[in-house]
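Trainee: I should like to understand how the labels used for a structure follow from its computed values. May we go through them one at a time?

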Amino acid sequence: MSLDPAPLVQTAGLTKSFGSRHDLFGRPRLLVRAVDDVSLSIARGETLGLVGESGCGKSTLGNLLIRLEDADNGEVVFDGQRLTDLNERELRRLRRRFQIIFQDPQSSLDPRMTVRAIVAEPLTVAGWSDRAKIAERVAFVLETVGLGREQMSRFPHEFSGGQRQRIAIARALTINPDFLVLDEPTSALDVSVQAQVLNLLKELQERFSLTYLFISHNMAVIRYMSDRIAVMYLGRTLEVAPSASLFAAPRHPYTRTLLQAIPSVVRREPAGWELPIIEGDPPSQTSPPPGCHFHPRCPLRMPECSVTQPALAQVGLDHSAACLLYRVAPQE
Ligand code: SF4
């Protein structure tokens, strides 16, 4: 698909922490900074892959992009509108244009509702009342995701995991969104089913001109799905690049360490390429290392890496990395 370079989604300095500053007895408590000063953009029709270890802030960032959670600082701009400027009514209207698919369809689908009611719910929330039109739309989206209209009266437990995820995708498509946050959408599925759902997502993107934020901890899945990839570590984006450049010439030592730790034979496998465990102590989310957060595990660290926090800087065409190795020398 040819991409429209105008971004559909943009963030600037997005920051989100969890936990209160004081416990019940007024003693100071450490905050978890889940998302830390993240600025990125997603072009219309693009898939931006977001990869990183568990707990690095990927899902929180996805939630912030569609205002399922509010940021502490920074802004999200969706199709030219700052989400923080919108009142409840305006936000509700805009919400029709973005949807989220979660990892586990078992828990995201109400087991007491029929497929018809689940898929129709966004339409009724949006004010649709014509039952015939709702039934027609539900049948259309179910067929679009590969399920027949005869399945409408059944309940989620009567379907396989892959079919349940198709129901969740159908529900997200019902009101014709522009942007989907796909939060580990195939991680709970068998490997054979994963490929079918990934291909379905690609087909739907092409057919309906969708824009995706695709979150995963599986590098093969991220590579298969993404036009560009952002690598996250302790709430910060350490590297952002087109998918091909990131895999051919990763620049950040963290990305390099991840890719080097994956055997080349496994690299060619389209499934099961999980993030490897890398050496060094796992970082603390409540008290991240000073300077570059990756410095305790970095094979290339320099003395100043424990003092200075690097910002994302351009290191190639449409390729940026946050590492002091790529500092621009000051002009004489
Ligand atoms: Fe390694 Fe220093 Fe670069 Fe951090 S800034 S990734 S510690 S070289």
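Mentor: The discussion below takes up salt bridges, aromatic pairs, one cysteine and the largest pocket, and the model is a predicted one.

Trainee: What makes the contact of Arg-82 with Asp-85 a salt bridge?

Mentor: The separation of their side chains is 2.9 Å, N to O. A salt bridge requires a side-chain nitrogen of Lys or Arg within 4 Å of a carboxyl oxygen of Asp or Glu, so the pair qualifies. In general terms, side chains of opposite charge can pair when their charged atoms come close.

Trainee: Why is Arg-82 called partly exposed?

Mentor: Its relative accessibility is 35%. Buried means under 20% and exposed means over 50%, so Arg-82 falls in between.

Trainee: How do you know that Arg-154 and Glu-158 form a salt bridge?

Mentor: Their closest N and O atoms are 3.7 Å apart, and the limit is 4 Å, so the pair is counted. Glu-158 has a relative accessible area of 35% and Arg-154 one of 28%; both values lie between 20% and 50%, so each residue is termed partly exposed. Elsewhere, salt bridges with shared partners join Arg-44, Asp-79, Arg-97 and Asp-178 into one network. The whole structure holds 13 salt bridges.

Trainee: Which labels do the partners Asp-110 and Arg-112 receive, buried, partly exposed or exposed?

Mentor: Asp-110, at 22% relative accessibility, is partly exposed, whereas Arg-112, at 70%, is exposed because its value is over 50%. The closest N and O atoms of this salt bridge are 2.9 Å apart.

Trainee: Turning to aromatic rings, why is the pair of Phe-78 and Phe-179 called tilted?

Mentor: The search finds five aromatic pairs in the whole structure. In this one, the ring centres are 6.3 Å apart and the planes meet at 45°. Centres must lie within 6.5 Å, and an angle that is neither under 30 degrees nor over 60 counts as tilted, so the label follows. Phe-78 belongs to strand E4 and Phe-179 to strand E7, so the pair ties together parts 101 residues apart in sequence. Each ring residue has 0% relative accessibility and is therefore buried. Ring pairs also link Phe-78 and Phe-179 with Phe-98 in a cluster.

Trainee: What makes the pair of Tyr-254 and Phe-294 edge-to-face?

Mentor: The angle between the planes is 65° and the centres are 5.1 Å apart. An angle over 60 degrees is called edge-to-face, so this pair takes that name. Tyr-254 and Phe-294 are both buried.

Trainee: How do you know that Cys-292 is buried?

Mentor: Its relative accessibility is 12%, which is under 20%, so Cys-292 counts as buried. Cys-292 lies in the loop between helix H11 and strand E11. Beyond its neighbours within four places in sequence, its contacts are Cys-305, Thr-308, Gln-309 and Pro-310. Its C-alpha is 8.6 Å from that of Ala-322, 30 residues away in sequence.

Trainee: Finally, which residues lie nearest the centre of the largest pocket?

Mentor: They are Arg-95, Phe-98, Gln-99, Pro-122 and Ile-175, out of 21 lining residues. The pocket has a volume of about 580 Å³. Its lining divides into twelve nonpolar, two polar and seven charged residues. Helices H2, H4 and H6 and strand E6 each supply at least two residues of that lining.

Definitions and conventions: Residues are numbered from 1 along each chain as its sequence is written. This is a predicted model: local features need pLDDT of at least 70, side-chain atom pairs count only at pLDDT 80 or more; totals for chains, interfaces and linings use all residues. Side-chain values use heavy atoms; hydrogens and water are left out. On a 1 Å grid over the protein atoms alone, a cavity is a set of points where a 1.4 Å probe fits but cannot get out, and a pocket is an open set with protein on both sides within 12 Å along at least five of seven lines; lining residues have an atom within 4 Å of a point. Grid points are joined across faces, edges and corners, and a volume is the space filled by probe spheres set on the points. Helices (H or I, at least four residues) and strands (E, at least two) are DSSP runs, numbered from the N terminus. Ala, Val, Leu, Ile, Met, Phe, Trp, Tyr, Cys and Pro count as nonpolar, Asp, Glu, Lys and Arg as charged, and the others, Gly among them, as polar. Buried means under 20% relative accessible area, exposed over 50%, partly exposed in between (1.4 Å probe, protein chains only). Contact means heavy atoms within 4.5 Å. Rings of Phe, Tyr and Trp (its six-membered ring) pair if their centres lie within 6.5 Å; planes under 30 degrees apart count as stacked, over 60 as edge-to-face and the rest as tilted.
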